[in-house]
Amino acid sequence: MAVAFLLIRLASPVLSESIPYTADVGLDLRVLAFAAAVALGVAVLVGTLPALQANVNDLVQSLNQST
């Protein structure tokens, strides 16, 4: 995030001379927040599903071994 902010600030004067409409280029915090929320949700989902699957397998094995 910091690198992107710095690169935009450094490149903005150079780009504004050669490419039109680059004065409006910037970081949108709403988009960043949405991307962070999606990444967090996917990380939780990907981390939780294997844990639940492992837990169910242990339960099935325990039930099969009991009399």
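Leucine 32 lies in helix H2. In this predicted model, leucine 32 is a useful place to start, and the account below works outward from there.

**Leucine 32 and the nonpolar patch**

Leucine 32 has a relative accessible area of 37%, so it counts as partly exposed. Its C-alpha atom is 9.0 Å from that of methionine 1, although 31 residues separate the two along the chain. Both residues belong to a nonpolar surface patch. That patch covers about 590 Å². Its other members are Phe5, Leu6, Leu27 and Leu29. Two elements, H1 and helix H2 (29–65), each give two or more residues to the patch.

Leucine 27 sits outside both helices, in the loop between H1 and H2. Its relative accessible area is 40%, which makes leucine 27 partly exposed.

**The salt bridge**

How many salt bridges does a search of the whole structure find? The search finds 1. The partners are aspartate 28 and arginine 30. Their closest N and O atoms are 3.4 Å apart; the cut-off for such a pair is 4 Å. The two partners fall into separate accessibility classes. Aspartate 28 is partly exposed because its relative accessibility is 35%, between the limits of 20% and 50%. Arginine 30, at 66%, is exposed because that value is over 50%.

The residues with accessibility values are set out here.

| Residue | Relative accessible area | Class |
|---|---|---|
| Leucine 27 | 40% | partly exposed |
| Aspartate 28 | 35% | partly exposed |
| Arginine 30 | 66% | exposed |
| Leucine 32 | 37% | partly exposed |

**Helix H1**

H1 runs over residues 2–18, a total of 17 residues. Does its length agree or disagree with the expected span? At 1.5 Å a residue, H1 should span 24 Å. The C-alpha atoms at its ends are 25 Å apart, so the two values agree. H1 also has a bend of about 45° at serine 12. A proline follows within four residues of that point: proline 13.

**The whole protein**

The secondary structure consists of 2 helices and 0 strands. What share of the 67 residues counts as buried? The figure is 1%. The protein exposes about 6,000 Å². Carbon and sulfur atoms supply 70% of that area.

Methods. Residues are numbered from 1 along each chain as its sequence is written. This is a predicted model: local features need pLDDT of at least 70, side-chain atom pairs count only at pLDDT 80 or more; totals for chains, interfaces and linings use all residues. Side-chain values use heavy atoms; hydrogens and water are left out. The expected span of a helix is 1.5 Å times one less than its number of residues. The bend at a residue is the angle between axes fitted to the seven residues ending there and the seven starting there. Patches are made of residues with over 30% relative accessible area and no salt bridge: like charges are joined within 9 Å, nonpolar side chains (Val, Leu, Ile, Met, Phe, Trp, Tyr) within 5 Å. Accessible areas come from the Shrake-Rupley method with a 1.4 Å probe; for residues, only the protein chains shown count as cover. A salt bridge is a side-chain nitrogen of Lys or Arg within 4 Å of a carboxyl oxygen of Asp or Glu. Buried means under 20% relative accessible area, exposed over 50%, partly exposed in between (1.4 Å probe, protein chains only).
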